[in-house]
Amino acid sequence: MHSKPTAACARLIAILALFSALAIAPALQAQGAYYRHAFFDNSQQSDYYWNSTAQAALPSTLEQQHRRLPVETKYFLSPPNAIRLQWNSQPGGGWDAEIHLVNFPNRFPELSGGALYFWVYSPVAIAKADLPEFLLSDAREGLQVAEFPGSFTAPVPLGQYTGDIPARKWLRVRVPMRALRSASVFEFHPERLQSLIFHQGRSDGVGHTLIIDQIHVDDELRMKSGAAQRLKLARPQREALGTPTQVAATGYERHVSLQWDGPESASLAHYVIYRSIHGKPYEPIGIQLPGTQRYVDFIGSIGVTASYKVAEADWDNRSSLMSAPVTATTRPMTDDELLTMLQEAAFQYYWDGGEPHSGMAHESLPGDDRIVATGASGFMIEAILVGIERHFITREQGLARLTRIVSFLERAPRYHGVWSHYMNGATAQTMPLFGMLDNGGDLVETAFITQGLLTARQYFNGPEPGERDLQQRITKLWEGIEWDWYRDNIHSDYLYWHWSPQWGFQIHHPLIGFNEVMVVYLLAIASPTHGVPADMYYSGWAGQGERALVYRQGWSGSPDGNHYYNGNTYFGIKLDVGVGSGGPLFFTHYSFMGFDPHALHDRYTASYFDNNRNIALINLAYCIANPKHYDGYGADAWGLTASDGPTGYKTPAPDALSDNGTITLTGALASFPYTPEASMAAFKHYYRDLGAQLWDIYGPRDAYNPTLNWVSPIYMGLNQAPIVAMVENYRTGLLWKTFMSNPEIALVQKKLDAVVAPAP
């Protein structure tokens, strides 16, 4: 008989879970509010702003780089940069400069407020008649609006809202958006604002420069009579700004990490970070969003002593008093210390950035604050266990978070025991992000979270009531998953990805390998309550039927490996199993964060560890060869795999069809068990050489494209945890050992060995 936790222990777990929730809830709420107002604050790139468009028709000119607007680093309000508009309007010519809203994945803008505000600055005075005109668009294409529901406003002179621009003085511009007339056949919607567009006004034949910063949407403000042109604002009484307290600084090899505390004032727009190096005057170096009380200053050198102060600032550009100074020095670090630094930074995505109600992982940050991702949450569980072992958090804190996650999963809708891909973290409601047919169970995402849960079940194996209770509850969840239901019918050769109570198996996507979903078949075979026959591994996952052959060749664009077995050599490396030249690297990560590839073989390869290693080596060799001649590829810059990209989520791979110049950092970093030397070389390059662009509060950013000078503005829940987990498997094998200690999992290979597979 299972024992129940004591009342005192249960209360302790509840209190820890509550404190953990309270710690992260304000952060996400504050950031959600920020992105309902902020349109532009800074550029990630220091040379030109990615989310802009610039073009000119001679004889007029407009400063631009790669058809984008240049970044200004000398004059700014929110450090470290602003946008520079430099033009010369000539008769017979024309130009337009578009500043676009950053659209984060799954987040509909829904800007809040009736007025658009931005600040302007010019080194020399500009008469209002010589300023450009501007208009607004609620379509992402800016002026290139072709169809419903895009709309744009009629152009109006900027000088109408600024008057003459004085020299060397920041001036705030206020535009009541409802007063602007739509010039489209559709109504303009201010809450959907996507583009602020400046274009040629009076052709005065003189060069002008206008710096633009802190573009945001807010409520309209009461104005003093006759003062609209100079914007002498009469605001209602605002709460005083507070000074951050308990600021701490920690020096690493090339960067300093800051943390602070204290309640945030209601007037806070962002924090401003000030730095002094070797006793020089303090200068503003960056901002941080409300709710995030951490900041990374990438200095780039060892042995640099820097002091920091932090202040609050509001949208009126008022600043609080600065905090007391703190000091840190960058220092040499061993490879082992660097790996711990990497793991801890990526771990914080899930710990600081977890969804407050459920404890689950967000699909992306920034992103839709409501959405939690089932598979990413499974990866997060693995990262939490590493966090405990590495003393990033205590065992009690980890137990409290896992208890909250399990409580959420217990009340979430299940479709024959299977959870949906996305859920609302506050309500547990299924969120069919990929369409109405996706309003049911997702077997792949469920397998990913089950892998994490089973690892946690074996990790929390102590005699304490809280740990015993967690074990029992995970076992109940595990045994309730009806893997066999997702066969569609008893005669099916395949497991299917989706099922909905409304639509049934209408999506009808069979799970066919080799790809990232191998763990589905392994868990389905292992299930003690709703298992499937082991021979489905060969009829479905490694199937040889026409449907399987067409499926593999269809997404890879190559007949190589369409029989599951590959056998070809790429860059001198033989590939036993894999479609095409191996596919994206997440194929070697997602199913093997817990399941040890050393422990798995089948008819087609003697070792999935060796096969995965060869996939990684092919990926590395392809990037060194760089057949498409993209910038930045090399022995220390490789790892083609799924990530956010310049045009959205993509799955780059080492082949001509899939390679688009985007390097995903988790590709090399989560491959440490397979390619330790090459992965370390990539890590040091990403951190030491490119850290100013690629290293932030959650460690390495999601992806970058050197050819396009693009860096992802987000982190993804699917990419940070594999770094934490696979680096740990390289260092200690912790997660492999723990997951494989599940008695059901230990039997999987024996069941496969007992099956006589047909010849390929």
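Here are some notes on two sheets, a helix pair and a cavity in this predicted model.

1. **The five-stranded sheet.** Start with the open sheet made of five strands, which runs in the order 2-6-11-8-9 with antiparallel pairing. Its edges are strand 2 (52–57) and strand 9 (156–157); each has a single partner strand, so one side of each is left without a neighbour in the sheet. As a general reminder, strands of a sheet pair through backbone hydrogen bonds, either parallel or antiparallel.

2. **A pairing inside that sheet.** If you want a spot to look at, try strand 6 (residues 94–100) and strand 11 (residues 195–199), which pair in the antiparallel sense over five bridges. To get your bearings, find aspartate 96: standing opposite, in strand 11, is histidine 199.

3. **The four-stranded sheet.** There is also an open sheet of four strands, again with antiparallel pairing, in the order 16-15-18-19. Strand 16 (283–288) and strand 19 (326–329) are the edge strands here, each pairing on one side only. From one strand to the next, the twist averages 35°.

4. **Where strand 19 is held.** Strand 19 is joined to strand 18 (residues 305–313) by four bridges, and the two run antiparallel. A handy marker for this pairing is alanine 306, which stands opposite alanine 328 in strand 19.

5. **A helix crossing.** Now for helix 5 (residues 395–411) and helix 6 (residues 443–459): their axes come within 12 Å and cross at roughly 135°. How should we describe the way helix 5 and helix 6 lie to each other? Angles over 145 would count as roughly antiparallel and 65 to 115 as roughly perpendicular, with the rest oblique, and helix 5 and helix 6 are therefore oblique to each other. The crossing of helix 5 past helix 6 is left-handed.

6. **Cavities.** How many cavities of 30 Å³ or more does a search of the whole structure find? The search turns up two. The second largest cavity holds about 30 Å³ of space. In general, empty space of this kind is shown by rolling a probe the size of a water molecule over the atoms.

7. **What lines the second largest cavity.** The lining consists of Leu665, Phe683, Tyr686, Tyr687, Leu694, Trp695 and Pro700. By class, that gives seven nonpolar residues, with no polar and no charged ones. Which element gives the largest share of this lining? That is helix 13 (residues 676–689), with three residues.

Notes: Residues numbered from 1 in each chain as written. Predicted model: local features only at pLDDT ≥ 70, side-chain atom pairs only at ≥ 80, totals over all residues. Heavy atoms only, no water. Pairing = 2+ DSSP bridges. 1 Å grid on protein atoms, 1.4 Å probe; cavity = no way out; pocket = protein on both sides within 12 Å on 5 of 7 lines; lining within 4 Å. Points joined across faces, edges and corners; volume = space filled by probe spheres on them. Nonpolar A, V, L, I, M, F, W, Y, C, P; charged D, E, K, R; others polar. Axes fitted to C-alpha atoms, helices over the stretch in contact; angles between N-to-C directions. Parallel < 35°, antiparallel > 145°, perpendicular 65-115°, else oblique. Left-handed = near helix turned anticlockwise from the far one by under 90°.
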